[in-house]
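Let's take a friendly walk through this model, starting at a metal site and moving on to the side-chain contacts. Keep the viewer open as you read.

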Amino acid sequence: MELKTSGSLSHLDKKRHIPIFFELEAGAKELELQFSYSPVEIAAALPINEISLSLFSPAGARGARHNNRDMNIRLSEVYASPGYVPGVLEPGRWCLVIDAHRILPGQVVTYDLSICSRANLSEFRLPEFSEGKTASRGPGWYRGDFHAHTYHSDARWEVSDLVHFARSQTLDFTTLSDHNTVSGLAEFHSYRADDLLTLGALELTTFYGHAVALGLNQWTEWRVNPPGGPGHTLQDLANRVEALGGIFIMAHPMSEGDPWCSGCHWGYEQMMPGTIRHIEVWNSSWEGSSHNEAALHLYYSWLNQGHRLVATAGTDIHRPAKQDHSLGFNCVYANDLTAEAILQGVRQGHLYLTNGPELELLVETASGTTFMMGDTVTETEGKLNLAWNNCQDFQLNLIVDGQVFQSWDSGGAGQEKLELNFAAKWLTLEVRNNRGELRALTNPIFFSHD
Ligand SMILES: [Zn+2]
Ligand SMILES: [Zn+2]
């Protein structure tokens with residue numbers, strides 16, 4: 001087959017998914033789509049007109065590339081351009097979707113598309129990847145990342161570079177969560193070994209908010225129709241992620257959004273937090289009074305309203321970084337270093353967020369029962385045990401129901417036993433540096449007085 005088409009988009013098309021259908025004949029071995037649009041950049045001081053392309057075969061999603069620099073797609077049983085998944089080319093109705101993330105006001109964006117199929121395979125082929133294995137290590141604290149990108153979407157490094165970064169940080173686990181695609185996971189999981197567990201994910205990069213679908217190794221629908229429109233709601237997407245065994249994490253909710261970063265600021269009023277249970281309060285670097293500080297404030301206000309929420313961190317790393325003392329990682333208490341056990345630990349809130357400090361936060365009740373972060377204490381007498389290490393000259397804040405209850409200088413390492421505030425609903429422990437920037441945060445211990 002051969003098809004050439006062109007069209008134009010205006011500001012009215014922003015945040016629309018525009019389908020272009022085509023018929024692929026039986027026996028096609030290779031498919032090539034060439035797409036270009038103009039203008040991409042208008043002026044240095046303005047954001048770009050931003051488009052991505054999603055591809056669907058008659059059997060389902062074949063990937064997406066959240067990257068406007070190279071929009072050509074080549075696909076066969078043994079090859080796929082970054083962002084897309086190789087496989088049999090089913091005959092029938094295919095669909096290329098123009099995802100118009102951003103078209104600036106006053107702009108006419110024109111695009112050209114040519115599609116052709118071939119009956120023979122070219123020399124393009126990907127290596128065959130086989131999944132690595134991580135040996136069992138038993139129960140313990142495991143440190144890792146839940147949010148990162150590669151060249152399969154808009155990052156400027158390869159899958160192997162991301163894995164190298166994780167190993168340079170001596171992480172126990174790391175996650176690849178490319179925008180709206182899982183095409184990098186086959187290679188990613190081939191680097192799994194005893195020293196590093198790899199977790200699958202994708203970042204549902206909707207037009208009104210981003211969410212990490214943690215633990216998924218398959219594509220899941222990410223497109224939400226505008227409010228009031230037919231079809232999928234964000235709740236539908238979240239339900240699907242959970243049904244597939246993943247965790248739906250609201251990503252960087254207070255990040256700067258449109259027009260600078262399409263959909264980066266959370267805009268789903270019904271899911272504030274609604275049914276959401278996991279929130280990335282530490283995205284990328286924690287510097288000054290960043291959007292992370294606003295996300296933490298939002299998180300605490302929701303805890304005060306009685307929501308049971310789990311806080312997570314994600315580096316959202318896109319390129320090689322020098323040693324960054326403000327990136328947040330997750331330290332999860334899990335029954336083993338497996339994907340299932342890590343996800344289980346996260347669901348239970350058994351994790352703290354940290355750039356280096358090591359924390360312990362335990363309630364020991366009069367009857368001898370011990371509760372950890374994420375747990376709910378139902379007894380009324382006991383002690384709070386705190387311990388910290390690798391905290392340099394940081395300040396520790398014990399936060400009770402959103403207020404600083406007690407503060408002290410860390411002195412690098414130490415421990416403390418405190419009487420419980422029985423009237424409290426929840427408490428967390430924060431570690432902050434001398435500029436007030438967060439360096440660690442426990443998930444809450446909750447108190448139930450029913
Ligand atoms: Zn994002
Ligand atoms: Zn991201």
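## The zinc site

This is a predicted model, and a good place to start is the zinc ion (ligand 2), whose site is irregular, with angles of 83 to 171° among its four donor atoms. An upper cut-off explains part of that label: a four-donor site counts as tetrahedral only if all angles lie between 85 and 135 degrees. Which residues supply the protein donors of the zinc ion (ligand 2)? They are His147 (NE2), His149 (NE2), Glu203 (OE) and Asp316 (OD), at 2.1 to 2.2 Å from the ion. Along the sequence, these donor residues of the zinc ion (ligand 2) follow the spacing H-x1-H-x53-E-x112-D.

Glu203 also acts as a bridge between the zinc ion (ligand 2) and the zinc ion (ligand 1), and the two ions lie 3.5 Å apart. The pair of His149 and Glu203 links distant parts of the chain, 54 residues apart: His149 sits in the loop between β9 (140-144) and α1 (159-168), while Glu203 belongs to strand β11 (residues 197-205). Are these two residues buried or exposed? Both His149 and Glu203 are buried.

## Aromatic contacts

Searching the whole structure turns up 16 aromatic pairs. In one of them, the ring centres of Tyr79 and Phe124 are 5.3 Å apart and the planes meet at 45°, so this pair is tilted. Tyr79 is found in the loop between β6 (73-76) and β7 (92-102), and Phe124 in the loop between β8 (109-118) and β9, so the contact ties together parts that are 45 residues apart in sequence. Tyr79 counts as buried at 16% relative accessibility, whereas Phe124 counts as partly exposed at 31%.

Tyr299 and Tyr300 make another tilted pair, with ring centres 6.1 Å apart and planes at 40°; both of these tyrosines are buried. You can also look for an aromatic cluster formed by Phe35, Tyr37 and Tyr111. Rings meet charged side chains too: Arg93 lies over the face of Phe21, 3.9 Å from the ring centre, and Arg308 lies over the face of Phe446, also with 3.9 Å to the ring centre.

## Cysteines

How many disulfides are there? The count comes to one disulfide, and it joins Cys261 to Cys264, with an S to S distance of 1.8 Å. Cys261 is partly exposed at 28% relative accessibility, while Cys264 is buried, with a relative accessible area of 5%.

Cys116, by contrast, is in no disulfide, and the nearest cysteine sulfur, that of Cys95, is 18 Å away. Why is Cys391 not bonded to Cys331? The sulfur of Cys391 is 12 Å from that of Cys331, the closest cysteine sulfur, which is too far for a bond. Cys391 is buried, at 0% relative accessibility.

## Salt bridges

Side chains of opposite charge can pair when their charged atoms come close. In this model the count comes to 17 salt bridges. One of them brings together the side chains of Glu32 and Arg118, at 2.4 Å from N to O. Glu32 lies in strand β3 (residues 30-38) and Arg118 in strand β8, so to speak two distant parts of the chain, 86 residues apart. Glu32 counts as buried at 13% relative accessibility, and Arg118 as partly exposed at 30%.

Asp172 and Arg137 meet in another salt bridge (3.2 Å, N to O). This pair links the loop between α1 and β10 (173-176), home of Asp172, with the loop between β8 and β9, where Arg137 sits, 35 residues apart. Asp172 is buried, with a relative accessible area of 14%, and Arg137 is partly exposed, at 38%.

Lys383 and Glu419 also form a salt bridge, their closest N and O atoms being 2.5 Å apart. Here strand β21 (residues 382-389), with Lys383, is linked to strand β24 (residues 414-419), with Glu419, and the two residues are 36 residues apart. Lys383 is partly exposed, with a relative accessible area of 34%, and Glu419 counts as exposed at 52% relative accessibility. Finally, salt bridges that share partners join Glu30, Glu32, Arg74 and Arg118 into one network.

Conventions. Residues numbered from 1 in each chain as written. Chains lettered and ligands numbered in written order. Predicted model: local features only at pLDDT ≥ 70, side-chain atom pairs only at ≥ 80, totals over all residues. Heavy atoms only, no water. Donors = N, O, S within 2.8 Å, 3.2 Å for Na, K, Ca; no water. Tetrahedral: all angles 85-135°; square planar, octahedral: opposite > 155°, others 65-115°. Helix = DSSP H or I, 4+ residues; strand = E, 2+ residues; numbered from the N terminus. Buried < 20%, exposed > 50% of the residue type's maximum accessible area, 1.4 Å probe, protein only. Phe/Tyr/Trp six-rings, centres within 6.5 Å; stacked < 30°, edge-to-face > 60°. Lys NZ or Arg CZ within 6 Å of the ring centre and 35° of its normal. Disulfide = S-S within 2.5 Å. Salt bridge = Lys/Arg side-chain N within 4 Å of Asp/Glu carboxyl O.
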